[in-house]
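Hi everyone, thanks for having me. I'd like to walk you through one protein today, starting with the whole and then going into a few details. Have a look at this first.

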Amino acid sequence: MWRLVPPKLGRLSRSLKLAALGSLLVLMVLHSPSLLASWQRNELADRRFLQLNKCPACFGTSWCRRFLNGQVVFEAWGRLRLLDFLNVKNVYFAQYGEPREGGRRRVVLKRLGSQRELAQLDQSICKRATGRPRCDLLQAMPRTEFARLNGDVRLLTPEAVEGWSDLVHCPSQRLLDRLVRRYAETKDSGSFLLRNLKDSERMQLLLTLAFNPEPLVLQSFPSDEGWPFAKYLGACGRTVAVNYVGEELWSYFNAPWERRVDLAWQLMEIAEQLTNNDFEFALYLLDVSFDNFAVGPRDGKVIIVDAENVLVADKRLIRQNKPENWDVWYESKFDDCDKEACLSFSKEILCARVTVDHNYYAVCQNLLSRHATWRGTSGGLLHDPPSEIAKDGRLEALLNECANPKKRYGRFQAAKELREYLAQLSNNVR
């Protein structure tokens with residue numbers, strides 16, 4: 001008798017899918033003239049689509065020649081504007097080709113915010129400049145805080161931008177000099193002096209820093225120098241182009257054990273690199289989920305592809321200023337919440353301690369251990385280990401101590417041992 005239930009549910013599911021598909025086809029037919037036009041036209045060569053008209057309330061212009069010359073084109077379904085309502089994050093896939101190189105490569109295009117967030121940005125600029133929700137952004141920008149450093153201002157200082165975003169929650173002069181020196185949306189990059197930037201470039205820099213500093217993270221800590229971030233390519237208007245890395249980490253959740261061990265080891269190495277490096281900048285990941293990492297299809301390398309929520313603390317400055325308890329090791333508190341990818345942290349403490357376990361905690365809790373939950377699953381990337389490893393118990397013990405330590409400073413030691421153990425397992429299975 002119970003065997004009748006699955007077929008009914010299956011037919012109901014298929015019916016719902018067909019109904020949804022039918023509704024979409026009806027909409028497509030109703031919009032067929034504009035649908036055909038959007039399919040045939042390369043909208044990435046359209047100044048208004050790129051929102052180039054909103055500059056300097058934009059993210060840059062360094063890639064405009066490539067866009068406007070038609071060197072960047074949407075992939076397949078990305079051409080259909082009718083489907084934009086499904087693309088909440090405003091992230092697109094495209095193909096880019098240089099005439100001299102021949103062939104094309106895949107790139108990722110980002111607007112750095114949802115349509116609603118971008119509209120709120122426009123309204124905010126207009127209200128600050130004119131008191132009205134709508135205005136000419138070109139005329140309004142010089143009347144906002146984004147123009148406060150225009151003119152003969154020598155440096156971008158902490159007092160000017162502190163707290164504007166996670167990147168500059170507690171900025172040092174050394175960090176800000178690095179941001180300006182490596183700013184890619186100017187022809188005169190390489191100098192930390194603001195006066196070498198045009199006023200429009202300064203406003204673009206500050207707006208990016210406040211709205212979504214991801215491009216500045218990618219520029220300041222580039223992949224070419226070994227940092228685990230996607231490569232920044234350029235911007236035009238409110239569209240930013242970054243290198244396509246590969247499938248998101250989530251697609252490897254059920255990969256063979258050998259592959260998952262290697263990915264887990266890389267994630268722990270990333271946590272270590274961002275915490276302890278020769279530059280003495282600690283980059284703390286405040287948003288850690290399976291969607292924020294991707295894996296290269298050829299080299300299998302794990303890369304961070306969403307760097308909006310990265311807090312940078314300057315360890316040199318902390319040692320110099322010696323705030324209260326600056327040299328006391330800080331242990332992040334385990335948070336067994338009922339939501340996906342949640343973390344517990346204090347930005348103020350991250351900014352005031354030299355030795356912090358936050359990145360180990362974030363990776364272990366949200367990606368590797370049994371506490372990791374994502375898209376209705378649990379068990380973490382290292383779920384269902386081979387019987388001999390499960391029986392040994394060492395892996396489970398290290399993951400538990402890394403995510404939810406029982407000993408004082410237990411996470412620091414567990415993270416170190418876990419990195420070594422995963423490296424050992426990875427070598428054994430290759």
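Let's start with the overall build: the secondary structure here comes to 16 helices and 12 strands. What you see is a predicted model, so before anything else, let's talk about confidence. The mean pLDDT of the protein is 89, and 87% of the residues reach 70 or more. One stretch to treat with care is residues 1–18, where pLDDT stays under 50. For that stretch the model has 0 contacts beyond four places in sequence. Where pLDDT is low, the predicted coordinates should not be read in detail.

Now for some whole-protein numbers. Of the 430 residues in the protein, 50% are buried. The accessible surface comes to about 21400 Å², and carbon and sulfur atoms account for 52% of that. How do contacts spread along the sequence? If we take contacts between residues at least 6 apart in sequence, 68% of them join residues at least 24 apart.

Let's go inside. Which residues have the most contacts inside the largest nonpolar core? They are Phe-229, Met-268 and Leu-368, in a core of 93 residues. Helix H10, residues 257–275, gives the most to this core, with 9 residues. Try clicking on Phe-229: leaving aside its neighbours within four places in sequence, its contacts include Val-217, Leu-218, Phe-221, Leu-274 and Ile-303. Apart from this core lies another one, of 19 residues, with Val-72, Tyr-92, Ala-94 and Leu-109 among them.

Next, a strand I'd like you to find: E10, residues 310–314. Why can we call E10 largely enclosed by the rest of the structure? Because 5 of its 5 residues are buried. You can check this face by face. On one side of E10 sit Val-310, Val-312 and Asp-314, on the other Leu-311 and Ala-313, and all of these are buried. Strand E7, residues 281–285, runs antiparallel to E10, and 5 bridges join the two. As a landmark, look for Leu-285, which stands opposite Val-310 in E10.

My last topic is the disulfides. A quick reminder: a disulfide is a covalent bond between the sulfur atoms of two cysteines. How many does the structure hold? There are 5 disulfides, and I'll show you three examples.

Let's begin with Cys-55 and Cys-58, whose sulfur atoms are 2.1 Å apart. The link of Cys-55 and Cys-58 is right-handed, with 105° about the S-S bond, and both cysteines are buried.

Then there is the disulfide of Cys-64 and Cys-236, with sulfur atoms 2.2 Å apart. With 100° about the S-S bond, the link of Cys-64 and Cys-236 is right-handed too. This pair links distant parts of the chain: Cys-64 is in helix H3, residues 64–68, while Cys-236 is in strand E4, residues 232–236, and they are 172 residues apart. Are these two buried or exposed? Both Cys-64 and Cys-236 are buried.

Finally, Cys-364 is joined to Cys-402, S to S 2.0 Å. The torsion about the S-S bond of this pair is about 80°, so the disulfide is right-handed. Cys-364 lies in helix H13, residues 358–368, and Cys-402 in helix H15, residues 394–403, so the pair ties together parts that are 38 residues apart in sequence. Both Cys-364 and Cys-402 are buried.

That's my tour, and I'm happy to take questions!

Note on methods: Residues are numbered from 1 along each chain as its sequence is written. This is a predicted model: local features need pLDDT of at least 70, side-chain atom pairs count only at pLDDT 80 or more; totals for chains, interfaces and linings use all residues. Side-chain values use heavy atoms; hydrogens and water are left out. A disulfide is a pair of cysteine sulfur atoms within 2.5 Å. Buried means under 20% relative accessible area, exposed over 50%, partly exposed in between (1.4 Å probe, protein chains only). Helices (H or I, at least four residues) and strands (E, at least two) are DSSP runs, numbered from the N terminus. pLDDT is the predictor's confidence in each residue, from 0 to 100. Contact means heavy atoms within 4.5 Å. Accessible areas come from the Shrake-Rupley method with a 1.4 Å probe; for residues, only the protein chains shown count as cover. A nonpolar core is a set of buried Ala, Val, Leu, Ile, Met, Phe, Trp, Tyr and Cys residues joined through side-chain atoms within 4.5 Å. Two strands pair if DSSP finds at least two bridges between them.
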